[in-house]
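Please look over the model below before reading on. My notes follow as numbered points.

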Amino acid sequence: MTVSEIENVIHSARNSFGERDFQTAVDTFYKATKLAPSDYRGHEGLGLALISAGRPKEAREALLKAVELNPTDADVHFGLGLAAEQMGDRSGAIEHIARAHELRPEHVPIRESLILMCVNYAELLMDEGNVEWAKCYIDKALEADHTSPDAAYAAIRYHARLGDYDEAKRIFRFIEEHKPDSPGLLEIKEEIGLAKQKERGWLY
């Protein structure tokens, strides 16, 4: 089969994926992997289509092959993160999404996914009493974007839960100054009592 014919198969598979016809996309990307087994794009597309079809274990196998062929492709690592998340492996999901962010730090959806995963996992860990690991994931979210309100709110809750209101107030002031229109800003003030503290002159 010629290069042009392989490109046509991949193009057809991507069209099916874009039309949300995931089963056809799976079948066509699978065909691409057989026609050109050394072309990572077929394995990557197959993995992403399988994730969308709700088949994360098979997706992981395809994406591991893709990352073997092209270890610096951010989309492959992002896909591995999504597959891990679907399988309930939160730490594994964050590891791959973080790698995708390292490879494409300017990509907003990857960065936002990393922050959201870290924040959600940190809150779960805090509820379980695993404070040390919760802090690690909050720090990872802040490293991805120190101006992210979601990451900041998680940090504020963390410090408030530990009784460290000075640090909670510092982070709150930073977000209030740099992202004053952030959704949830008023709610976080009410949630941990910062609104009352500000009224009484304790906050500043």
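1. Helix α3 is largely enclosed by the rest of the structure, since 10 of its 13 residues are buried. Buried here means under 20% relative accessible area; exposed means over 50%, and partly exposed lies in between (1.4 Å probe, protein chains only). Helices (H or I, at least four residues) and strands (E, at least two) are DSSP runs, numbered from the N terminus.

2. This is a predicted model, in which local features need pLDDT of at least 70, side-chain atom pairs count only at pLDDT 80 or more, and totals for chains, interfaces and linings use all residues. Residues are numbered from 1 along each chain as its sequence is written, and side-chain values use heavy atoms, with hydrogens and water left out.

3. Which residues of α3 are buried? They are Arg 41, Gly 42, His 43, Glu 44, Gly 45, Leu 46, Gly 47, Ala 49, Leu 50 and Ile 51. Their cover includes α1 (3-18), α2 (22-35), α4 (56-69) and α5 (74-86).

4. The length of α3 raises no query. Its 13 residues reach 18 Å from first C-alpha to last, close to the 18 Å expected at 1.5 Å a residue. The expected span is 1.5 Å times one less than the number of residues. Just after α3, Gly 54 takes a positive phi of about 75°.

5. Arg 41 deserves a close look. This residue lies in helix α3 (residues 40-52). Arg 41 counts as buried because its relative accessibility is 18%. Its side chain makes polar contacts with two acidic side chains: Glu 7 at 2.7 Å and Asp 39 at 2.8 Å. A polar contact is a pair of N or O atoms within 3.5 Å; within protein, one must be able to donate a hydrogen and the other to accept it, and residues adjacent in sequence count only if both atoms are side-chain atoms.

6. What else does Arg 41 contact, leaving aside neighbours within four places in sequence? The list is Glu 7, Ile 10, Arg 14 and Phe 29. Contact means heavy atoms within 4.5 Å.

7. Helix α10 (residues 165-178) also agrees with its expected length: 14 residues at 1.5 Å a residue should span 20 Å, and the end C-alpha atoms are 20 Å apart. Its buried residues are Ala 168, Lys 169, Ile 171, Phe 172, Ile 175 and Glu 176. They cover an arc of only 165° around the axis, which puts them on the same side of α10. The arc is that of the directions from the helix axis to the C-beta atoms. The face turned away from that buried side carries the exposed residues Asp 166 and Glu 177.

8. Ser 182 sits in the loop between α10 and α11 (185-191). At 9% relative accessibility, Ser 182 counts as buried. Not counting residues up to four places away in sequence, Ser 182 touches Pro 149, Tyr 153 and Ile 175.

9. Now the overall picture. The protein has 12 helices and zero strands. Its radius of gyration is 21 Å, whereas a compact globule of 204 residues would have one near 17 Å. That radius is taken over C-alpha atoms, and the globule rule is 2.2 Å times the number of residues to the power 0.38. The C-alpha atoms fill a box of roughly 75 × 30 × 25 Å along the principal axes. Buried residues make up 45% of the 204.
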